[in-house]
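Me: Please take a close look at a single loop of this model, one with something to say about backbone geometry. Then set it against the other parts of the chain that help a careful reader to place it.

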Amino acid sequence: MAFAVSDTGIGMTPEQMNRVFEEFSQADSSTARRYGGTGLGLAITRRLARVMGGDVSVTSTLGAGSTFVVRLPVHQAASEERAGLAPDMLPHGDCVLVIDDDLTARELIANHLREAKFKVVTAANGKDGLKLAEQLHPIAITLDILMPEIDGLTVLSALRGNPELAGIPVIICTMTENQRKASTLGAAGYLTKPVDRNRLIALLRGYEARLRRTRVLLIEDDADQRERIRSWLEPQNWSVREAANGRVALEQLDDDVPDVILLDLMMPEMDGFQFASALRDHAEWRSIPIIVITSLDLTTADREKLKSNVAEILSKESFEAGQLIDIIRQIRAKSSVVEKQPETQL
């Protein structure tokens, strides 16, 4: 397909046509002063056309106007419409997914990320974004709010409602001030456009710890509950070992020390209270953070028994996948900061 766009404007000289597709370039400095613009639109247009197997060309007569022609192969455009991205175009390994209906904003964010050595996949609408999130399980998503058909808040809600995607951190990048609603739905960050490159990269660097393989020990006597939690955690690239009671868990600790323990309280043979007490008796284990997941209505005395090394207490009836994953990620982020602290020499 060929799309031609013509105007009857000021036109260009051959020299100006040679550099019109360069980034941050315009015909000359007077053009920028008079007509505005950043000189990015044509560079982005050509780059996208070439990604799709096409190209952009220009003809122009000074003082009479210009004609730009975009040529795209039909079969590849149809393939992308069906599948979001052709299989051979998917990145290998982890990537960041950029969802934004604005072409310029989408490509600028993608360029920021590529410069920081992230792999990037983009989607022009919420529907394609959700499809790609399911395909790729990206390490993070940047998401615009104001989009046609499916807006960003709806996309965020859908991500949080899918156990396999709920743990993916989502950074809102938008023109609107809707931070409270986005935070309520579980957004990991909120940036207003034009997006500050350094703030965006700093946010994403915080989620690179997700690439480290977190080891989780799940202590729970209910097999269905163990399977449910495992199905949430393993898609995060985390390893999960299971124990049906505290006694079995202590035996496993002799073989391998986990990064975090998920602990039920009401179990046969050795319950959660007894396990937590036994853990404190071993110097090499007492620093392992514990997340208690229980249906008990804990008393002040119960909480006092658990407080020394319990990072969080969740209710079985109300906790969600995204909440649990965020807590584990926060625990791992804190531990990585401690690990990086230099030793103090006295």
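Reply: A loop and its surroundings

Glu269 sits in the loop between β11 (260-263) and α12, and since the model is a predicted one, what follows describes computed geometry. The backbone of Glu269 has a phi near 65°, which is a positive value in a residue that is not glycine. That deserves a remark because most residues other than glycine have a negative phi. The side of the picture that concerns solvent is clear as well: Glu269 has a relative accessibility of 59% and therefore counts as exposed, the cut-off for that class being over 50%.

Following the chain onward from this loop leads into helix α12, which spans residues 272-280 and holds Phe275. Here the accessibility is of the opposite kind, for Phe275 has a relative accessible area of 0% and is buried. Phe275 can also be related to a part of the chain that is 25 residues away in sequence, since its C-alpha atom and that of Leu250 are separated by 7.7 Å.

A second residue helps to put Glu269 in context. Glu149 also has a phi near 65°, again a positive value in a residue other than glycine, and its place is in the loop between β6 and α7. With a relative accessible area of 83%, Glu149 is exposed.

The loop that holds Glu149 has a further residue worth following, namely Asp144, which forms a salt bridge with Lys193, the closest N and O atoms being 3.6 Å apart. Asp144 lies in the loop between β6 (140-143) and α7 (152-161), whereas Lys193 lies in the loop between β8 (189-192) and α9 (197-205), so this pair ties together parts that are 49 residues apart in sequence. Both partners fall in the buried class, which takes in relative accessible areas under 20%: Asp144 counts as buried at 3%, and Lys193 counts as buried at 18%. Lys193 has a backbone feature of its own, because the peptide bond that joins Lys193 to Pro194 is cis, with omega at about -5°, and most peptide bonds are trans. Pro194, like its partner in that bond, is found in the loop between β8 and α9.

What of the other charged side chains? As a general point, side chains of opposite charge can pair when their charged atoms come close, and a search of the whole structure returns 13 salt bridges. One of them links Arg114 and Glu107, whose closest N and O atoms are 3.5 Å apart; the two partners differ in their cover, since Arg114 counts as partly exposed at 38% relative accessibility while Glu107 counts as buried at 5%. Another salt bridge is formed by the side chains of Arg230 and Glu234, with 2.3 Å from N to O. Here the arginine is the buried partner, as Arg230 has a relative accessible area of 19%, and the glutamate counts as partly exposed, as Glu234 stands at 37%. The pair does not stand alone, for salt bridges that share partners bring Arg226, Arg230, Glu234 and Glu242 into one network.

The surface offers two further groupings. Asp221, Asp222, Asp224 and Glu227 gather there in a patch of negative charge; of this group, Asp224 is found in helix α10 (residues 223-233) and is exposed, with a relative accessible area of 64%. A patch of another character, nonpolar and of about 310 Å², is made by Met1, Phe3 and Val74. Phe3 has its place in strand β1 (residues 2-6) and is partly exposed, its relative accessible area being 42%, in contrast to Phe275, which is buried at 0%.

Cysteine adds a last detail. The structure holds 0 disulfides, and two of its cysteines lie under cover: Cys95 counts as buried at 2% relative accessibility, and Cys173 counts as buried at 1%.

To return to the loop in question, Glu269 combines an exposed position with a positive phi, and Glu149 pairs an exposed position with a positive phi in the loop between β6 and α7.

Notes: Residues are numbered from 1 along each chain as its sequence is written. This is a predicted model: local features need pLDDT of at least 70, side-chain atom pairs count only at pLDDT 80 or more; totals for chains, interfaces and linings use all residues. Side-chain values use heavy atoms; hydrogens and water are left out. A disulfide is a pair of cysteine sulfur atoms within 2.5 Å. Buried means under 20% relative accessible area, exposed over 50%, partly exposed in between (1.4 Å probe, protein chains only). Patches are made of residues with over 30% relative accessible area and no salt bridge: like charges are joined within 9 Å, nonpolar side chains (Val, Leu, Ile, Met, Phe, Trp, Tyr) within 5 Å. Accessible areas come from the Shrake-Rupley method with a 1.4 Å probe; for residues, only the protein chains shown count as cover. A salt bridge is a side-chain nitrogen of Lys or Arg within 4 Å of a carboxyl oxygen of Asp or Glu. Lys and Arg count as positive and Asp and Glu as negative; His and the chain ends are not counted. The place of a charge is taken as NZ of Lys, CZ of Arg, CG of Asp or CD of Glu. Helices (H or I, at least four residues) and strands (E, at least two) are DSSP runs, numbered from the N terminus.
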